[in-house]
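Biologist: I should like to learn how to read the features of a protein model. May we go through one together?

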Amino acid sequence: MSPPLLQVNDLKKHFPVNRGLFGRKSEWVYAVDGVSFEIARGETLSLVGESGCGKSTVGRAILRLFDVTSGQVILDGQRIDDAHPSTMRQLRQRMQVVFQDPFSSLNPRMRVRDILAEPIRNFGLAKSAADLETRVTTLMDTVRLPREALNRRPHEFSGGQRQRIGIARALAAEPELIVCDEAVSALDVSVKAQIVNLLQDLQREFGLALLFISHDLAIVEHMTHRVAVMYLGKIVEVAPRREIFAAPRHPYTKALLSAVPLPEPGAQRNPIILKGDVPSPINPPSGCRFHTRCPYVFDRCRTEEPLLRSAESEQWVACHLDALPAG
Ligand code: SF4
């Protein structure tokens, strides 16, 4: 088996809050608290969970948008988390991002031509002015936008078209990994499907790995290879798409999936309504972090943290139960 493109090992990111008197850090938000996973070349791993679970923080830590508290992020054998700025420049070319909001992630004053040319110039990819022009026009073809639109500015496009420009800008750097951070969440349903189809086509064409961060499991079900479920800063289950949607092993995964509509008209899952709110990441519960809301909680859950363990060949779960009760 070839080594993974991306490895994340025991990643932690704690943010200080309530600096208090004299700038003292009195509390910490445990936004990401020991997360590990891998992504193979050409694979899509979806990182899912409710808002505030830490999934976007994982994405930003991988892109080194801030320094991590501890742990390792390794791209093709090279450490990102402690990379020297000169190494980081090369690594940045190899991993790009598509953000949620195409309205704010594109510079409104720049023409599309300049938006796409910027990363090509920054990373020194074009051999000549003619090569730069060819690359920019080819990118428009690749994301299925008309070449005539190169001289327009972002506000002249629809939301879906703007997200195509965002994808083209990411592709301009010729990356191996793209972090899609809620990349389709702000779009209408039909446009979402078009952008997801485009991402899948691009993945096949260029062998891209995708970290697809989303709270929308209905979209994830149709486009991912594997799913990692996060709750309060930790991964509670990782499995191939088919396995996790057919037979979730973690009570939280089961509750999340119960809210996903079935494709057959009129068909319904039995929705599982969880008690209470998600606890604060400033003071997460002891033992299993899900124990305050879990329908199957027992004594051990309150004191002992369940570690991610292999349940099936490729299905990993962090729960003290050997199997979920039927029903
Ligand atoms: Fe529920 Fe206990 Fe499993 Fe946590 S470890 S998910 S509380 S059964």
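Modeller: The following dialogue treats cysteines, buried residues and the ligand in turn. This is a predicted model, in which local features need pLDDT of at least 70, side-chain atom pairs count only at pLDDT 80 or more, and totals for chains, interfaces and linings use all residues. Residues are numbered from 1 along each chain as its sequence is written, and side-chain values use heavy atoms, with hydrogens and water left out.

Biologist: How many disulfides does the structure hold?

Modeller: A disulfide is a pair of cysteine sulfur atoms within 2.5 Å. The structure holds 0 disulfides. For Cys180, the closest cysteine sulfur belongs to Cys53 and is 16 Å away, which is too far for a bond.

Biologist: Does Leu198 count as buried or exposed?

Modeller: Buried means under 20% relative accessible area, exposed over 50%, and partly exposed in between (1.4 Å probe, protein chains only). Leu198 has 0% relative accessibility and therefore counts as buried. Cys180 is also buried, at 0%.

Biologist: Which residues are in contact with Leu198, leaving aside its neighbours within four places in sequence?

Modeller: Contact means heavy atoms within 4.5 Å. With those neighbours left aside, Leu198 is in contact with Thr142, Val143, Arg144, Arg164 and Ile167.

Biologist: Which residues are around the ligand?

Modeller: A residue is near a molecule if one of its heavy atoms lies within 4 Å of it. The residues around the ligand include His250, Cys288, His291, Cys294 and Cys319. Of these, Cys294 counts as buried, at 9% relative accessibility.
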